[in-house]
Amino acid sequence: MLSYQHAYHAGNFADVHKHLTLFAVVDYLLRKKSPVTYIDTHAGRGVYPLAAKESQRLQEHREGVEPLWHAKRTLNTPLLRQWCDALASLQPSPALLTHYPGSPWWLHQRLREQDALQLFELHPGEHRYLEDQVLSASATRTYGDGLAGLTQRLPVATPRLCVLIDPSYERKEEYHEVKDAVAQAMKKARHAIVMIWYPLLPAGHHHTLIEGLAASGIRNIWRSELCLRSPGDQRHGMYGSGMLVINPPWGLDERLAAAMREVVPLLGAATHYHGEWLVGE
Ligand code: SAM
């Protein structure tokens with residue numbers, strides 16, 4: 001039974017980390033004309049009004065997107081400025097941050113005629129919201145399991161493939177399931193760029209995923225982590241956000257590091273960011 005709803009967490013520091021990485025990866029893909037298929041295995045609702053009762057309950061956007069939004073005129077990094085401009089383009093009134101976009105929107109707004117976007121969502125209520133979003137005509141929405149859907153849809157018709165895997169990890173078995181699905185997918189699409197988000201929780205379940213992928217034989221895996229707190233701080237659940245990128249575009253690490261040098265001080269004194277290779281080429 002699925003109970004997670006991303007609306008409670010929309011625009012938090014993990015979304016900033018995840019969607020900046022996604023934005024930067026898509027930016028590289030857009031440098032070439034050849035078509036791309038994007039697969040978003042865990043899509044969520046698509047767009048989140050920050051005044052909704054779910055977002056207001058924890059107000060996690062206050063230590064995520066909001067400080068960045070307020071600083072947007074002073075930001076120097078082109079990646080961050082472009083990201084904030086895209087965010088502004090979603091707002092009904094561009095000067096006010098009232099909506100935070102999920103991964104389907106971040107992907108759809110950069111789709112070209114030759115590209116395709118396949119979205120999966122398994123929660124019936126979340127899928128209904130997703131169905132209501134106005135998205136590009138080349139976006140398809142499937143009510144179903146995104147990990148099974150990913151392996152079923154491979155290989156894709158386009159020369160390039162980019163996958164985002166962003167589970168809610170409500171069950172700890174999901175760390176294993178993600179690793180298995182990725183290992184299978186990489187056999188069918190060796191050149192795919194695959195992004196996998198994971199939470200950093202005191203229980204440390206993410207090690208199952210990371211160590212499993214490191215031992216899977218897949219090469220060229222880069223990881224980055226953005227932490228708001230130290231792992232020992234038991235007052236909160238998630239202390240950090242992690243992203244694995246398989247086959248990252250050349251230069252992604254430095255571009256994100258530059259953006260994060262501006263993001264980190266905005267998110268609080270204990271915040272830190274780190275990127276490294278998990279497995280080299
Ligand atoms: N990717 C979204 C974003 O960046 O805006 C957020 C996704 S949220 C963290 C995870 C979503 O995955 C939830 O909406 C949940 O209902 C959905 N979900 C959980 N298990 C799933 C599965 N096996 N296949 C597809 N969706 C699933």
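A residue counts as buried when its relative accessible area is under 20%, as exposed when that value is over 50%, and as partly exposed in between. With these cut-offs in hand, this report turns to the salt bridges and then to the ligand of what is a predicted model.

A search of the whole structure finds 14 salt bridges, and the table gives three of them with the separation of the closest nitrogen and oxygen atoms.

| Salt bridge | N to O distance |
|---|---|
| R112 and D115 | 2.9 Å |
| K179 and D180 | 2.9 Å |
| R223 and E225 | 2.8 Å |

Side chains of opposite charge can pair when their charged atoms come close. In the pair of K179 with D180, the aspartate D180 has a relative accessible area of 42% and is therefore partly exposed, because that value lies between the two cut-offs. In the pair of R112 with D115, by contrast, both residues are buried. R223 is buried at 14% relative accessibility, and its partner E225 is buried as well, with a relative accessible area of 15%. Salt bridges with shared partners also join D15, K18 and D166 into one network.

D166 appears again at the ligand, where a polar atom of its side chain lies 2.7 Å from a ligand nitrogen. Taken alone, the ligand exposes 600 Å², of which the protein buries 97%, and the space that the ligand takes is the largest pocket. Around the ligand are 20 residues, of which H19, H42, S103, E121 and D166 come nearest, and this shell divides into four nonpolar, 11 polar and five charged residues. A polar side-chain atom of S103 lies 2.8 Å from a nitrogen atom of the ligand, while at G146 a polar backbone atom is 2.8 Å from a ligand nitrogen.

Definitions and conventions:
Residues numbered from 1 in each chain as written. Predicted model: local features only at pLDDT ≥ 70, side-chain atom pairs only at ≥ 80, totals over all residues. Heavy atoms only, no water. Near = heavy atom within 4 Å. Polar contact = N/O pair within 3.5 Å; in protein donor to acceptor, adjacent residues only side chain to side chain. Areas by Shrake-Rupley, 256 points an atom, 1.4 Å probe, with all protein chains shown as cover. 1 Å grid on protein atoms, 1.4 Å probe; cavity = no way out; pocket = protein on both sides within 12 Å on 5 of 7 lines; lining within 4 Å. Sits in = over half its atoms within 2 Å of the grid points. Nonpolar A, V, L, I, M, F, W, Y, C, P; charged D, E, K, R; others polar. Salt bridge = Lys/Arg side-chain N within 4 Å of Asp/Glu carboxyl O. Buried < 20%, exposed > 50% of the residue type's maximum accessible area, 1.4 Å probe, protein only.
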